[in-house]
Amino acid sequence: MSPRPTSLSRAQARRIALAAQGFTDKPHDPPTLRTLTRTVGRTGVLQVDSVNVLQRAHYMPLYSRMGAYDTGLLERAASGRSQRRLVEYWAHVQAFMPVELWPVMAHRRESYRAGRGKWWLVADDDALRIRLLEEIAVRGASTARELDDGAPRSTEHWGWNWSRARRMLDYLFTSGDLAIAGRTTSFEVRYDLPERVLPDHVLALPTPTKVEADVELVRRAAASHGVASVRCLADYYRMRTDETAAAVHTLVESGELEPVTVEGWGRQAFLHRDARRPRAVAARALLSPFDPVVWERERAEALFDFHYRIEIYVPKDKRVHGYYVLPFLLRDEIVARVDLKADRPASRLLVMGVYAEAGAPDDTADELAAELRRLASWLGLDDVLVEDRGDLAAALRFSLRR
């Protein structure tokens, strides 16, 4: 066995990170539920987001790693009770996480209970809380719309004009009195009692201490990163930096993490004991804006020299690259970025803009064309149309025609 390194080049760290995220796993044809479980074991969580201009956020990281797969696999993994493998919780932000993390998140639920919510102070309204819990106990899994009290909503903040019932339901979910059973076809959350959502063996698991829970979350974040700084590790499950640093110290003492230096990083890095160190990565993938590879923007810049910002909430005339821009990973580099939209009525994948990164290899357009064809097929779209915006547009259009 080769000795463990004490220093890593940026390229080595990049390949370690991609391997930890599942980009060197042997593909399964076709992908199965076992493939999905393996992939979520790499990513740790799947961020959930309502934007559906291309595909829902939680489906895309699986596609990027598994290739074209049946999205029903994720629905199977995140539904039912006795065989359920995934459940939604505030694990990074709103995200699917493995069901066995439910007891590990107990202290997070208690902190939301004590703080009366995660974003705003939810009014201490016992009558509303009891009514909602009693209605759900009788009705079963229900949406906020089905349980709404009919009170007028604020129109000050578009997208956040939640009713009193919706805010209370979110509080009851984050504090653990309710769990998410699933979502409707219009993406509305369906709330239910935890004992009707989670498997018995999960509900029977002991609750770890706060220190044990912190160590477990950092352990998982470190495995998903391969190599990471304390800041990277803290961001993965949205932990406090001091709690993360204490957990890192414990894992260093146990030998699960090893301090290393990484070329160009200004912070101490830590290498996971089981991190693979491939000599090459043969990836070709479009990454969702919510992919774990690019969650932490400073990390993405340090690993890939890739400056990335989501421009969904930027006014159209001020956007640099577009509304829903996906980084294009080729081998072990991010070589381009693509603003994509699924035009479902016309059955076309629209490339609204496409830009090469500095030093992009000569085969970037050809490889991106192949990947866009594959993505369009997976989405059930018949064609790919490239608009004129971006320095790679002409070359990509030529590659698609070929």
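**Exercise 1. The nonpolar cores**

Find out how many residues the largest nonpolar core of this predicted model has, and which of them have the most contacts inside it.

*Solution.* Start with the count: the largest nonpolar core has 56 residues. Next, look for the ones with the most contacts inside that core: they are Tyr89, Met97, Trp102, Leu132, Leu169, Leu178 and Tyr237. Now zoom in on Tyr237. Leaving aside neighbours within four places in sequence, Tyr237 is in contact with Gly44, Val45, Ala91, Leu101, Met105, Arg108, Leu217, Arg220 and Ala221. Finally, there's another core apart from this one, with 51 residues, including Val53, Tyr63, Tyr69 and Val384.

**Exercise 2. A three-strand sheet and Ala95**

Work out the strand order of the open sheet of three strands, then decide: is Ala95 buried or exposed?

*Solution.* Reading across the sheet, the order is β2-β4-β3, and the pairing is antiparallel. That puts β2 (46–47) and β3 (86–90) at the edges; each has a single partner strand, so one side of each has no neighbour in the sheet.

Next comes the pairing of β3 with β4, which is antiparallel and has five bridges. One of the residues to look up is Trp90, whose bridge partner in β4 is Gln94.

Now for Ala95, which is in strand β4 (residues 94–98). Its relative accessibility is 0%, and buried means under 20%, so Ala95 counts as buried. Who's around it? Skipping neighbours within four places in sequence, Ala95 is in contact with Val45, Leu46, Gln47, Val48, Val87, Glu88 and Tyr89. You can also check the C-alpha atoms of Ala95 and His58: they are 7.8 Å apart, with the two residues 37 apart in sequence.

**Exercise 3. A four-strand sheet and its helix**

Which strands are at the edges of the open sheet formed by four strands, and which helix packs on it?

*Solution.* First get the order, which is β1-β8-β9-β7, with mixed pairing. The edge strands are β1 (7–8) and β7 (227–229), each pairing on one side only. Helix α12 (residues 241–254) packs on this sheet and touches β8 and β9 (269–272). Compare directions and you get about 105° between α12 and β8.

To see one pairing in detail, take β1 with β8 (residues 257–262): two bridges join them, in the parallel sense. Here Ser7 is opposite Thr261 of β8.

Then step along to Ser9, in the loop between β1 and α1. With 26% relative accessibility, Ser9 counts as partly exposed. Not counting residues up to four places away in sequence, Ser9 touches Val262 and Glu263. The C-alpha atoms of Ser9 and Leu303 are 9.8 Å apart, although 294 residues separate them along the chain.

**Exercise 4. Two helix pairs**

How do α1 and α13 lie with respect to each other, and how do α10 and α12?

*Solution.* Begin with α1 (residues 10–20) and α13 (residues 297–304): they pack at about 125°, their axes 8 Å apart. Angles of 65 to 115 degrees count as roughly perpendicular and those over 145 as roughly antiparallel, so this pair is oblique. Arg10, Ala13, Arg14, Ala17 and Leu18 of α1 meet Arg299, Glu301, Ala302, Leu303 and Phe304 of α13. Sorted by class, this contact has six nonpolar, no polar and four charged residues.

Now do the other pair. Helix α10 (residues 210–225) and α12 pack at about 80°, with axes 9 Å apart, and that makes α10 roughly perpendicular to α12. From α10 the contact uses Lys210, Asp214, Val215, Val218 and Arg219, and from α12 Glu243, Thr244, Ala247, Val248, Thr250 and Leu251. By class, that's five nonpolar, two polar and four charged residues.

**Exercise 5. Strand β11**

Why is strand β11 described as largely enclosed by the rest of the structure?

*Solution.* Count the buried residues: six of the six in β11 (residues 325–330) are buried, so the strand is largely enclosed. Val325, Pro327 and Leu329 point one way, while Leu326, Phe328 and Leu330 point the other.

Then check the partners. Strand β10 (residues 284–286) runs antiparallel to β11, joined by three bridges, and Leu286 has Phe328 as its bridge partner. β12 (residues 333–343) also pairs with β11 in the antiparallel sense, over six bridges; there Phe328 is opposite Ala336. Last stop: the hairpin of β11 and β12 has two residues between the strands, and Arg331 takes a positive phi near 55°.

How values were computed:
Residues numbered from 1 in each chain as written. Predicted model: local features only at pLDDT ≥ 70, side-chain atom pairs only at ≥ 80, totals over all residues. Heavy atoms only, no water. Pairing = 2+ DSSP bridges. Contact = heavy atoms within 4.5 Å. Axes fitted to C-alpha atoms, helices over the stretch in contact; angles between N-to-C directions. Buried < 20%, exposed > 50% of the residue type's maximum accessible area, 1.4 Å probe, protein only. Parallel < 35°, antiparallel > 145°, perpendicular 65-115°, else oblique. Nonpolar A, V, L, I, M, F, W, Y, C, P; charged D, E, K, R; others polar. Core = buried A, V, L, I, M, F, W, Y, C linked by side-chain atoms within 4.5 Å.
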